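Reader: Could you take one part of this predicted model and walk me through it closely? I'd like a single connected account rather than a tour of everything.

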Amino acid sequence: MTSPIPPHRPVAELTAEAAALIAAAEHSAQPDGKPGLSQAGEVVESVQALAAMTARLPELLDQLGSFLSSEQAGGRLAPAGLGSDLDLARAARDSRDRLLDARRVAAALAEELAGAAASLTAVGTPWAAAVVRGPVGG
């Protein structure tokens, strides 16, 4: 990581920055158009970082849903545009349901990435490089 994150930054700002960084990693390319990877170790580090990131998603999704619920219960949400209070209640309920579903998916994704990271521990050794690239001279 390049630098520590300053404290007290808004959640929306942090999540937008995380999305932008993932997009930049996705679009990273070398001048020859190949992915911006130069060695297998970068894959290992990237998968480990993604596993760590996704492991935090379920809790964040819980926090977002809980905040939405408390704001609705406190009467601090208002219908957008010409919507009614009933539209607001439906939208809030649908959002909470979807956040709960996203939490489950995020937990499964985190588990799969953790498994991939564990499986990649052998990558970077001469034996693993030969398996990935094929036999020398072959």
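Author: α2 bends by about 30° at L57, with a proline, P58, coming within four residues after that. Bend and all, α2 still reaches 50 Å from its first C-alpha to its last, close to the 50 Å expected at 1.5 Å a residue for its 34 residues.

Now look at which side chains are tucked away. P58 turns up again here, as one of the buried residues of α2. Ahead of P58, V44, V47, A51 and T54 are buried, and after P58 come L61, G65, L68 and E71. As for the spacing, an α-helix has 3.6 residues a turn, so residues three or four places apart point the same way. What covers the buried residues of α2 includes α3, which runs 85–119.

α2 also has a big hand in the largest pocket, which has a volume of about 1,500 Å³. Of the 31 residues that line this pocket, α2 gives the largest share, 14 residues. α1 (11–27) is there too: α1 and α2 each supply at least two residues of the lining. Nearest the centre of the pocket you'll find A18, L21, I22, A49 and M53. By type, the lining divides into 19 nonpolar, 7 polar and 5 charged residues.

Last, check what comes after the helix: α2 (40–73) is followed by G75, whose phi is positive, near 70°.

Definitions and conventions
Residues numbered from 1 in each chain as written. Predicted model: local features only at pLDDT ≥ 70, side-chain atom pairs only at ≥ 80, totals over all residues. Heavy atoms only, no water. 1 Å grid on protein atoms, 1.4 Å probe; cavity = no way out; pocket = protein on both sides within 12 Å on 5 of 7 lines; lining within 4 Å. Points joined across faces, edges and corners; volume = space filled by probe spheres on them. Nonpolar A, V, L, I, M, F, W, Y, C, P; charged D, E, K, R; others polar. Expected span 1.5 Å × (residues − 1). Bend = angle between axes of the 7 residues up to and from the residue. Buried < 20%, exposed > 50% of the residue type's maximum accessible area, 1.4 Å probe, protein only. Contact = heavy atoms within 4.5 Å.
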